[in-house]
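Visitor: Please pick a part of this one and take me through it slowly. I'd like to know what sits on the outside, what is tucked away, and what holds on to what.

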Amino acid sequence: MTNEIERAVPDTSVLISGVFSGLIEKGIVKGEIIIPEFVIEELRSQASRGKEIGFKGLEELKKIRELCQEKNIEIKKTGRRQTYEEIKLAKFGRIDALILDIAREFSAIIYTSDMVQALVGEAEGIKVQYFKPYKEGKTIAIESLLTEDTMSLHIKENTKPYAKRGSPGNMKITYLDENRYSQDDVEKMIKEIFDAARYEDDAFIEFGQHGASVIQLKNMRIAITRPPFSDGIEITVVRPVVKLNLNDYRLSDKLKDRLLKKAEGIVISGPPGSGKSTFAASIAEFLLKEKQATIKTLESPRDLQVPEEITQYGPLEGSFVKSADILLLVRPDYTIFDEIRKPKDFEVFADLRMAGIGMILYRDLLEKLNLE
């Protein structure tokens with residue numbers, strides 16, 4: 001097959017990152033575009049499971065088709081549906097290999113944001129265009145809205161963005177823009193957040209569904225919601241504005257001595273925003289330094305501001321019960337159990353305490369658990 005017309009084959013990574021449509025807009029990609037059926041199947045599978053990346057990839061395909069019509073670029077779909085065996089082997093790179101086969105068959109250039117895919121393609125003699133999807137260390141839009149005293153950001157489509165600024169018990173609302181943010185404005189911010197979560201070292205996606213996602217980025221906990229879960233696209237950013245040690249609370253020497261010698265089951269009580277997380281982190285740091293204790297946390301999301309020596313665990317495969325099984329093997333001196341939501345979580349707390357592990361528990365939901 002001659003290669004008079006330059007052909008381009010995008011893989012899933014370059015679609016999810018949103019890079020490929022930008023290349024068409026800039027005129028970098030202008031020949032025939034070939035979309036492997038495997039790519040569409042993989043994105044459909046991700047979207048069917050509620051994964052944000054699946055929806056992002058499908059939206060990118062829609063945008064690419066519109067751009068091709070506008071610029072008179074030929075686009076076609078080729079290939080076949082995945083077999084059951086290929087679906088099972090997808091996480092081992094089978095789909096990527098099939099996409100490379102399509103590029104080889106049509107003597108096309110494969111466009112990718114996956115470094116491994118790029119290296120394999122080059123090793124097999126296939127033309128490759130690799131585009132790094134994200135520049136590490138850059139400041140994203142939501143960070144530019146933060147000030148030192150910003151406790152939270154609240155951004156929703158068709159509304160004015162605002163921030164809560166101050167300190168616990170002394171907070172005020174500040175509007176950040178006189179203009180209402182459009183859906184496109186909010187979507188651009190969400191894309192930046194997800195890119196950072198995938199590629200920054202100090203970030204991760206704690207929970208990622210299309211209707212609701214939770215991302216931990218640096219010291220920010222970011223919740224993103226969409227219809228039908230919420231009535232509009234919304235971003236909420238929460239972060240601690242103060243970091244205290246136990247001396248800042250002016251506790252008596254008698255109480256500090258009790259913490260060091262006898263306190264093995266601690267319940268921290270208070271309404272949301274009253275500083276329970278800050279106080280728990282200060283107790284953990286106190287026990288770490290004064291008692292040389294081994295301390296772990298159980299959190300969802302993992303957003304306590306604690307020293308690196310304290311390992312933060314989330315729910316293993318969605319279950320704190322499985323996390324507790326690991327903790328019983330690790331045998332820490334203390335565990336901070338944050339964000340208890342269900343009676344089963346309190347049973348985990350009780351089991352760990354009965355096993356001799358010192359426990360520090362948040363009290364927000366004890367009333368709902370009927371455990372007072």
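Guide: Let's start on the outside, keeping in mind that this is a predicted model. L316, I326, L329 and V330 together make a nonpolar surface patch of about 360 Å². Take L329 as our way in: this leucine is found in helix α12, which covers residues 320-330. Its relative accessible area is 72%, and anything over 50% counts as exposed, so L329 is exposed.

Now for the charged pairs. The count comes to 16 salt bridges, and I'll show you a few of them. In one, E187 pairs with K56, with the closest N and O atoms 3.4 Å apart. That pair links distant parts of the chain: E187 sits in helix α9 (residues 183-199), K56 sits in helix α4 (residues 52-71), and the two positions lie 131 residues apart in numbering. Both E187 and K56 are buried.

Next, look at E264 and K291, another salt bridge, where the closest N and O atoms are 3.8 Å apart. E264 is in the loop between α10 (253-261) and β13 (265-268), while K291 is in the loop between α11 (276-290) and β14 (295-298), so this pair ties together parts that are 27 residues apart in sequence. E264 counts as partly exposed because its relative accessibility is 23%, and K291, at 31%, counts as partly exposed too.

Helix α11 has a pair of its own. E285 and K289 both lie in this helix, 4 residues apart, or about one turn, and their side chains meet in a salt bridge at 3.1 Å, N to O. The two ends sit quite differently: E285 has 13% relative accessibility and counts as buried, whereas K289 is exposed at 54%.

Here's the part I'd really like you to linger on: the open sheet. Its 5 strands come in the order β3-β2-β1-β4-β5, with parallel pairing. The edges are β3 (75-78) and β5 (128-130), each of which pairs on one side only. On average, neighbouring strands of this sheet are turned by 30 degrees against each other, direction ignored. Helix α6 (residues 94-105) packs on the sheet and touches β1, β2 (32-36), β3 and β4; the helix direction makes about 175 degrees with that of β1.

Follow the pairing strand by strand. Strand β1 (residues 7-10) is joined to β4 (residues 109-112) by 3 bridges, the two running parallel, and P10 stands opposite Y111 in β4. β1 also pairs with β2 in the parallel sense, over 2 bridges, and here A8 stands opposite I33 of β2. β2 in turn pairs with β3, again in the parallel sense, over 4 bridges; the bridge partner of I35 in β3 is K77.

Finally, zoom in on β2. Which of its faces are covered? Both are: E32, I34 and P36 on one side, and I33 and I35 on the other, are all buried. That makes 5 of the 5 residues of β2 buried, so the strand is largely enclosed by the rest of the structure. E32 is worth a second look, as this buried residue is linked with R7 and K76 in a network of salt bridges.

Terms used:
Residues numbered from 1 in each chain as written. Predicted model: local features only at pLDDT ≥ 70, side-chain atom pairs only at ≥ 80, totals over all residues. Heavy atoms only, no water. Pairing = 2+ DSSP bridges. Axes fitted to C-alpha atoms, helices over the stretch in contact; angles between N-to-C directions. Contact = heavy atoms within 4.5 Å. Patch = residues over 30% accessible without salt bridge, like charges linked within 9 Å, V, L, I, M, F, W, Y side chains within 5 Å. Areas by Shrake-Rupley, 256 points an atom, 1.4 Å probe, with all protein chains shown as cover. Salt bridge = Lys/Arg side-chain N within 4 Å of Asp/Glu carboxyl O. Buried < 20%, exposed > 50% of the residue type's maximum accessible area, 1.4 Å probe, protein only.
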